[in-house]
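Reader: I am new to this structure and would like to learn how its features are read. Could you take me through them slowly?

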Amino acid sequence: MAHSEVRITEWMYSGPDGEFFELTNVGDSPIDLTGWSYDDVNNVPGAFPIGSIGVLLPGESAIVTEASPTAFRAAWSLPASIKIVGFVGLANANNMGRNDAINLFDANGVIVE
């Protein structure tokens, strides 16, 4: 596993407002997530692109969810400044579930979290 200062800091499955996980830059430098992706227990790099998050500043968090970004933002009273990637996994019913995994890959397809 490669070293990364991006951590999965929260997750929820079967939530009333959609399943999600939160990524946080716990380091001291900005991290560009362009080209990053995640997959579940299948562990396939590139399966679900999340690179639209862009750059995470030190201490900044972003959300990856099955819900629409607009609906998720409204349900959690989040400002527009919070980065959200939505509709993840719905097209192929590959959702985040109780007995699943969250595998985070960098732009080179290396698992980092």
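**Surface, fold and an aromatic pair**

Author: The accessible surface of the chain comes to about 5900 Å², and 55% of that belongs to carbon and sulfur atoms; such areas come from the Shrake-Rupley method with a 1.4 Å probe, and for residues only the protein chains shown count as cover. This is a predicted model, in which local features need pLDDT of at least 70 and side-chain atom pairs count only at pLDDT 80 or more, while totals for chains, interfaces and linings use all residues. Residues are numbered from 1 along each chain as its sequence is written, and side-chain values use heavy atoms, with hydrogens and water left out.

Reader: Which pattern does the chain follow along the sequence?

Author: Helices (H or I, at least four residues) and strands (E, at least two) are DSSP runs, numbered from the N terminus. Here the chain has one helix and nine strands, in the order β-β-β-β-β-β-β-α-β-β.

Reader: How many aromatic pairs does a search of the whole structure find, and how is such a pair described?

Author: A pair of aromatic rings is described by the distance of the centres and the angle of the planes. Rings of Phe, Tyr and Trp (its six-membered ring) pair if their centres lie within 6.5 Å, and planes under 30 degrees apart count as stacked, over 60 as edge-to-face and the rest as tilted. The search finds five pairs. In one of them, the ring centres of Phe 20 and Trp 76 are 5.6 Å apart and the planes stand at 70°, so this pair is edge-to-face. Phe 20 belongs to strand S2 (residues 20–25) and Trp 76 to the loop between helix H1 (69–75) and strand S8 (83–85), so the pair ties together parts 56 residues apart in sequence. Phe 20, Phe 72 and Trp 76 form one aromatic cluster.

Reader: Is Phe 20 buried or exposed?

Author: Buried means under 20% relative accessible area, exposed over 50%, and partly exposed in between (1.4 Å probe, protein chains only). Phe 20, at 3% relative accessibility, counts as buried, whereas Trp 76, at 36%, is partly exposed.
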